[in-house]
Amino acid sequence: LVYPIFFMTLHNLLNMHFVFDDQKICIQYHLKDWGMPFTKQPSEKQKLTSKLLRYEGWEVLDLSQVDFKNWETEERLTNIKEWLLAAKSKQVERGLIKDKWEPPL
């Protein structure tokens, strides 16, 4: 995990934010302005991309702007780092990525 692609479209249909394409890891960031009226949380329709990507072996974190803003700075860093490490270990278990980095031939 180095740096994510900030915006990516897959199959000309699914928009993704903060994508680690080689590892099939993605963070979907949902803005509160596009959320449900009272809770400002993402709707099931907005989470549809995440559900569909999971069938293709992706690990996806649905993160709303409301939740992200409620965390302190240290909480933001630790929560996202822990999730990324857990997602990477799941992808290693599935055999989608290798645990150790190997130089290309």
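Accessible areas here come from the Shrake-Rupley method with a 1.4 Å probe. With that in hand, let's look around this predicted model.

**Figure 1. The outer surface of the chain.** About 7700 Å² of the chain is exposed. Carbon and sulfur atoms supply 57% of that area. Turning from the outside to the inside, 30% of the 105 residues count as buried.

**Figure 2. The order of helices and strands.** Try tracing the chain from its N terminus: you will meet the elements in the order β-β-β-α-β-α-α. That gives three helices and four strands. The C-alpha atoms fill a box of roughly 50 × 35 × 20 Å, taken along the principal axes.

**Figure 3. A nonpolar patch with L48, L52 and Y55.** These three residues make a nonpolar surface patch of about 360 Å². One of them, L52, sits in helix 1, which covers residues 48-55. L52 counts as partly exposed because its relative accessibility is 36%, a value between the 20% limit for buried and the 50% limit for exposed.

**Figure 4. Contacts across the sequence.** Here the view turns to contacts between residues at least 6 apart in sequence. Of these contacts, 52% join residues at least 24 apart.

**Figure 5. Charged side chains.** The chain carries 15 positive and 15 negative side chains. If you find the centre of each set, the two centres lie 3 Å apart.

Technical notes
Residues numbered from 1 in each chain as written. Predicted model: local features only at pLDDT ≥ 70, side-chain atom pairs only at ≥ 80, totals over all residues. Heavy atoms only, no water. Patch = residues over 30% accessible without salt bridge, like charges linked within 9 Å, V, L, I, M, F, W, Y side chains within 5 Å. Salt bridge = Lys/Arg side-chain N within 4 Å of Asp/Glu carboxyl O. Helix = DSSP H or I, 4+ residues; strand = E, 2+ residues; numbered from the N terminus. Buried < 20%, exposed > 50% of the residue type's maximum accessible area, 1.4 Å probe, protein only. Contact = heavy atoms within 4.5 Å. Lys, Arg positive; Asp, Glu negative; His and termini not counted. Charge placed at Lys NZ, Arg CZ, Asp CG, Glu CD.
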